[in-house]
Amino acid sequence: MKTGTITFHAPNNNGSFLQAYALQTILREQLAVENEIIDFYSEKQMRQYSILRKPRSWKDVGRNLISLVHYRELRSRCDHFDLLRKEYLYLSKRYSTLDEVYEVANSYDTLICGSDQIWNTEARDYSDAYFMAGVDKKKISYAASFGAHIECIDRTKVKKNISEFTHISVREKAGKDFLNELLPGKKVELVCDPTLLLERSAYNKLIGKGRVKGSYIFLYTINYSTEVLQAAQKLSQKMKIPVYAPFTGYSCVKCRKYGIKVLYGVDPAEFLWLIENATCTCSNSFHGIAFSIIFEKQFCRPVFVNEDGIIVTDDRIDNLLSQLGLDERSISYKGAIHELILKKIDYNQVKEKLNGIRDNGICYLKTALLD
């Protein structure tokens, strides 16, 4: 059986690369399935992730100025991402248009859509390619995500495109509930993110070299929100060690105000090193938390609590922490963060639950591929 996966693997994003690597590793090495990732890198993604953009707004101008100051490190980061993709991913020829993707899709027996936020129709780089819409082949999904704002998803587009799938699985409970309401006769399963399918040892060959000396707190965030930056600063002051954050976007300039050091050249290999060697981690990113758990780190997940005392939720993270009995690691950035870090996680219990989640994901893949 020849399978082709369509996912977010081309953007220079640590989580995107690692989830693509994990799913393909399970398919090829554990399930002995011939698989390659369809190397789709749309023009939207090329623009979104380019170091320098042709300006369309003053925001683009500001972005380019930051890029010029850190150009050498950002260029090195891009080059290292490319090298890792070439070394560790089995890829098709590169395609940039929908027509090219649909043409090559016919060469596979089964198409696998996922994981990551491929079904987030509000994403700047969304494409119908991630549904393989209209392609007359067996199609399954694995841990596809609609993102954090499911209320904004294009219901008509999803309903039309997903009806062709023989097996559907999503990453979050909100996504499952959404599809159960949209397609009441369709079975939808809840499975874990691909990164959680692999044990810690499977990532050892990917871990690169680090540049940080001594003890440190590892901060991983995509949006650089005030609550996560204040939480990291507070933790740093209590523990008297610095905070390091890898570049994930241009809002990182806000880190300077909180004394957080940004590393602009971090690729997935160094990302894993930074987590493995951190004293503790602080993250409001799904994959930041997922890898904190995989590497058995003491971590906190800062959250925003509104005026009514209600936590602003993110179902992607909430669902993972709930499944593993780690709900208490979510804490207001105004709360007792240092005390939470000192409260050790019982990773023996976590691993037992994680093994069950992992087995469920692999079982789903076996059934979906062979059915």
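Two strands pair if DSSP finds at least two bridges between them. Keep that rule in mind as you work through these exercises on a predicted model.

**Exercise 1. In what order do the five strands of the open sheet that holds β1 stand, and which strands are at its edges?**

Step 1. Start with the order. The five strands run β3-β2-β1-β4-β5, and the pairing is parallel.

Step 2. Look for strands that pair on one side only. These edge strands are β3 (91-95) and β5.

Step 3. Check two of the pairs. Strand β2 (residues 34-40) and β3 pair in the parallel sense over three bridges, and I37 stands opposite L91 in β3. Further along, strand β4 (residues 110-113) pairs with β5 in the parallel sense over four bridges; there I112 has I140 of β5 as its bridge partner.

Step 4. Add the twist. On average, neighbouring strands of this sheet are turned by 25° against each other, direction ignored.

**Exercise 2. Which residues of strand β5 lie on one side, and which on the other?**

Step 1. Recall a general rule: in a regular strand the side chains alternate between the two faces of the sheet.

Step 2. Apply this to strand β5 (residues 138-141). K138 and I140 are on one side, and K139 and S141 are on the other.

Step 3. Ask about cover. All four of these residues are buried, and both faces of β5 are covered.

**Exercise 3. Where is T7 placed, and is T7 buried or exposed?**

Step 1. Find the place. T7 sits in the loop between β1 (2-6) and α1.

Step 2. Use the cut-off: buried means under 20% relative accessible area. T7 has a relative accessible area of 2%, so T7 is buried.

Step 3. List the contacts. Leaving aside neighbours within four places in sequence, T7 is in contact with Q19, A20, I37, G114, S115, I118 and Y130.

Step 4. Follow two of those partners. G114 and S115 are joined by a cis peptide bond, with omega about 15°, and S115 lies in the loop between β4 and β5.

**Exercise 4. At what angle does helix α1 pack against helix α13, and which residues make the contact?**

Step 1. Read off the geometry. Helix α1 (residues 14-30) and helix α13 (residues 347-370) pack at about 65°, and their axes are 12 Å apart. The crossing of α1 and α13 is right-handed.

Step 2. Name the residues. From α1 come L23, I26, L27 and Q30, and from α13 come I362, L365 and L369.

Step 3. Sort them by class. The contact of α1 with α13 has six nonpolar residues, one polar and no charged.

**Exercise 5. How does helix α10 run relative to helix α11: roughly parallel or roughly antiparallel?**

Step 1. Get the angle. Helix α10 (residues 286-294) and helix α11 (residues 315-323) pack at about 20°, with their axes 9 Å apart.

Step 2. Compare with the cut-off: angles under 35 degrees count as roughly parallel. Therefore α10 is roughly parallel to α11.

Step 3. Describe the contact. α10 and α11 cross in a left-handed sense. F286, I289, A290 and I293 of α10 meet R316, I317, L320 and L321 of α11. By class, this contact of α10 with α11 has seven nonpolar residues, no polar and one charged.

**Exercise 6. Which strands does α10 lie across, and in which order do the strands of the six-stranded open sheet stand?**

Step 1. Place the helix. α10 lies across β8, β11 and β12 (299-303), and runs at about 160° to β12.

Step 2. Lay out the sheet. Its six strands follow the order β10-β9-β8-β11-β12-β13, with parallel pairing. The edge strands are β10 (261-263) and β13 (330-332).

Step 3. Zoom in on one pair. Strand β8 (residues 217-220) and strand β11 (residues 280-283) pair in the parallel sense over four bridges, with L219 opposite C282 in β11.

**Exercise 7. What are the phi values of A32 and E296, and how exposed is each residue?**

Step 1. Look at A32. This residue, in the loop between α1 and β2, has a positive phi of about 55° although it is not a glycine. A32 counts as exposed, at 67% relative accessibility.

Step 2. Turn to E296, in the loop between α10 and β12. E296 has a positive phi of about 55° and is not a glycine. Its relative accessible area is 31%, so E296 is partly exposed.

Conventions
Residues numbered from 1 in each chain as written. Predicted model: local features only at pLDDT ≥ 70, side-chain atom pairs only at ≥ 80, totals over all residues. Heavy atoms only, no water. Axes fitted to C-alpha atoms, helices over the stretch in contact; angles between N-to-C directions. Helix = DSSP H or I, 4+ residues; strand = E, 2+ residues; numbered from the N terminus. Left-handed = near helix turned anticlockwise from the far one by under 90°. Contact = heavy atoms within 4.5 Å. Nonpolar A, V, L, I, M, F, W, Y, C, P; charged D, E, K, R; others polar. Parallel < 35°, antiparallel > 145°, perpendicular 65-115°, else oblique. Buried < 20%, exposed > 50% of the residue type's maximum accessible area, 1.4 Å probe, protein only.
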